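Reader: Could you take me through this model one element at a time, giving the reasoning behind each answer?

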Amino acid sequence: MMKNYIIAAVLLIIVSACKENKKAEVVETTDYKNEVLDVTTSVYPENLTKVFNAHGGIDVWKSMKSLEYTQNKDGGEEVTITDLDTRKALLDAPNYSIGFDGEKPWLLNKTETGYKGYDPKFGYNLMFYFYTMPFILSDDGIKYSDAEPLTFEGITYPGIKISYDNGVGATPEDIYVLYYNADTYIMEWLGYTVNFVPGIDTEELHFRRYGDWQKVNGLLMPSTITGYGFKNNQPTTPKSPNVFTNVKITQKVPDASMFVKPEKANFVD
């Protein structure tokens with residue numbers, strides 16, 4: 001009885017504390033089923049819990065099973081579908097398909113020329129991690145601490161530093177810093193180090209700015225993520241944004257067969 005009472009109290013606090021930036025809402029779908037879930041946010045720092053709440057709530061995120069979005073690439077539209085429980089993934093474009101079957105990534109080149117793009121070993125979920133901020137920061141094996149705030153164009157954004165336990169992910173040495181609006185707790189910036197690209201500084205922060213928020217199935221998700229130049233751990237000037245359309249987040253588990261390597265594809269080491 002006491003356990004049930006505590007869970008109910010925590011969920012009540014989450015709901016009452018939830019804030020939404022109405023100006024950020026662009027698109028809204030309403031098929032989310034309001035189910036009571038046995039999810040507690042007490043394992044997260046208070047400020048990160050408030051960020052989760054501002055984006056729709058960690059309980060809503062953890063109820064979802066599938067994420068899909070589309071990006072325009074040079075060769076045409078790239079559609080990404082990810083199983084949110086297993087993290088199996090499929091990126092399908094006119095010239096290639098990249099997948100992850102739960103154990104190994106694979107590449108299907110649909111042209112007679114060599115594939116040009118991110119290494120599929122990292123590329124199958126690279127943009128997925130950027131896109132699913134802040135919720136991806138609820139994964140297991142993450143350590144949280146306060147970070148120095150970011151000041152940009154006269155506005156100061158508090159920061160939360162994220163690091164990983166050894167053996168978590170392909171590059172556990174990566175560092176992320178989530179910067180949020182001090183009033184609304186909406187995520188505004190992500191600072192991050194890069195360890196999978198040869199020949200670059202692995203300690204200096206790179207930056208992406210989040211904006212044009214859309215509300216999809218109860219969750220606040222970005223329509224654009226804009227990379228910035230950087231110097232001395234500060235963002236400088238914006239680059240062309242990544243634009244996300246046809247975003248779908250559902251409680252329906254995706255068909256597992258779509259993640260299986262096609263006969264003509266090759267596994268990537």
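Reader: Over the ring of which residue does the charged end of R208 sit?

Author: This is a predicted model, and the answer should be read with that in mind. The charged end of R208 lies 4.1 Å from the centre of the ring it covers. That ring belongs to F130.

Reader: Which residues does I225 contact, once its neighbours within four places in sequence are left aside?

Author: I225 is placed in strand β11, which covers residues 219–231. Its C-alpha is 8.4 Å from that of F244, a residue 19 places away in sequence. With the neighbours within four places left aside, the contacts of I225 are F130, Y131, R208, R209, Y210, P241, N242 and F244.

Reader: Is I225 buried or exposed?

Author: The cut-off for a buried residue is a relative accessible area under 20%. I225 has a relative accessible area of 0%, and therefore counts as buried.

Reader: Which residue of β11 is the bridge partner of R209?

Author: Strand β10, made of residues 206–216, is joined to β11 by 9 bridges, and the two strands run antiparallel. Within β11, the residue that partners R209 is T226.

Reader: What is the order of the strands in the open sheet of 7 strands?

Author: The pairing in this sheet is antiparallel, and the order is β6-β7-β8-β9-β10-β11-β12. Its edge strands, each pairing on one side only, are β6 (142–152) and β12 (234–243). Direction ignored, neighbouring strands are turned against each other by an average of 30°. The order asked for is thus β6-β7-β8-β9-β10-β11-β12.

Reader: At about what angle does helix α2 run to β8?

Author: Helix α2, formed by residues 46–54, lies across β6, β7 (155–164), β8 (176–180) and β11. Relative to β8, the helix runs at about 65°.

Reader: Which residues does N47 contact, apart from its neighbours within four places in sequence?

Author: N47 is placed in helix α2. With a relative accessible area of 16%, N47 is buried, because the cut-off is under 20%. Apart from neighbours within four places in sequence, N47 is in contact with D146, I160, Y180 and Y185.

Reader: What is the relative accessible area of I142, and is this residue buried or exposed?

Author: I142 is found in strand β6, and its C-alpha lies 9.9 Å from that of Y44, although the two residues are 98 apart in sequence. Leaving aside neighbours within four places, I142 contacts I136, L137, I162, S163 and Y164. The relative accessible area of I142 is 12%, so this residue is buried.

Reader: Which residue takes a positive phi in the hairpin of β6 and β7?

Author: β6 and β7 pair in the antiparallel sense over 9 bridges, and L150 stands opposite Y157 in β7. The hairpin has 2 residues between its strands. The residue with a positive phi, near 50°, is E153.

Reader: Is the pair of F128 and Y129 stacked or edge-to-face?

Author: The structure holds 19 aromatic pairs. In the pair of F128 and Y129, the centres are 5.7 Å apart and the planes make an angle of 90°. Planes over 60 degrees apart count as edge-to-face, so the pair of F128 and Y129 is edge-to-face.

Reader: Is Y129 buried or partly exposed?

Author: Its partner F128 is buried, with a relative accessible area of 3%. Y129 has a relative accessibility of 27%, so this residue counts as partly exposed.

Reader: How many residues apart in the chain are F152 and W189?

Author: F152 and W189 form an edge-to-face aromatic pair, with 5.0 Å between the centres and 65° between the planes. Both F152 and W189 are buried. The pair links distant parts of the chain, F152 being in strand β6 and W189 in strand β9 (residues 187–192), and the separation is 37 residues.

Reader: Which residues form one aromatic cluster?

Author: Aromatic rings pair if their centres lie within 6.5 Å. The residues of one such cluster are Y44, F52, W61, F135 and Y144.

Reader: What percentage of the residues in the chain is buried?

Author: The chain has 5 helices and 14 strands. Among contacts between residues at least 6 apart in sequence, 51% join residues at least 24 apart. Of the 269 residues in the chain, the buried ones make up 45%.

Definitions and conventions: Residues are numbered from 1 along each chain as its sequence is written. This is a predicted model: local features need pLDDT of at least 70, side-chain atom pairs count only at pLDDT 80 or more; totals for chains, interfaces and linings use all residues. Side-chain values use heavy atoms; hydrogens and water are left out. Helices (H or I, at least four residues) and strands (E, at least two) are DSSP runs, numbered from the N terminus. Buried means under 20% relative accessible area, exposed over 50%, partly exposed in between (1.4 Å probe, protein chains only). Contact means heavy atoms within 4.5 Å. Two strands pair if DSSP finds at least two bridges between them. Axes are lines fitted to C-alpha atoms, for helices over the stretch in contact, and angles run from 0 to 180 degrees between N-to-C directions. Rings of Phe, Tyr and Trp (its six-membered ring) pair if their centres lie within 6.5 Å; planes under 30 degrees apart count as stacked, over 60 as edge-to-face and the rest as tilted. A charge sits over a ring if NZ of Lys or CZ of Arg is within 6 Å of the ring centre and within 35 degrees of the ring normal.
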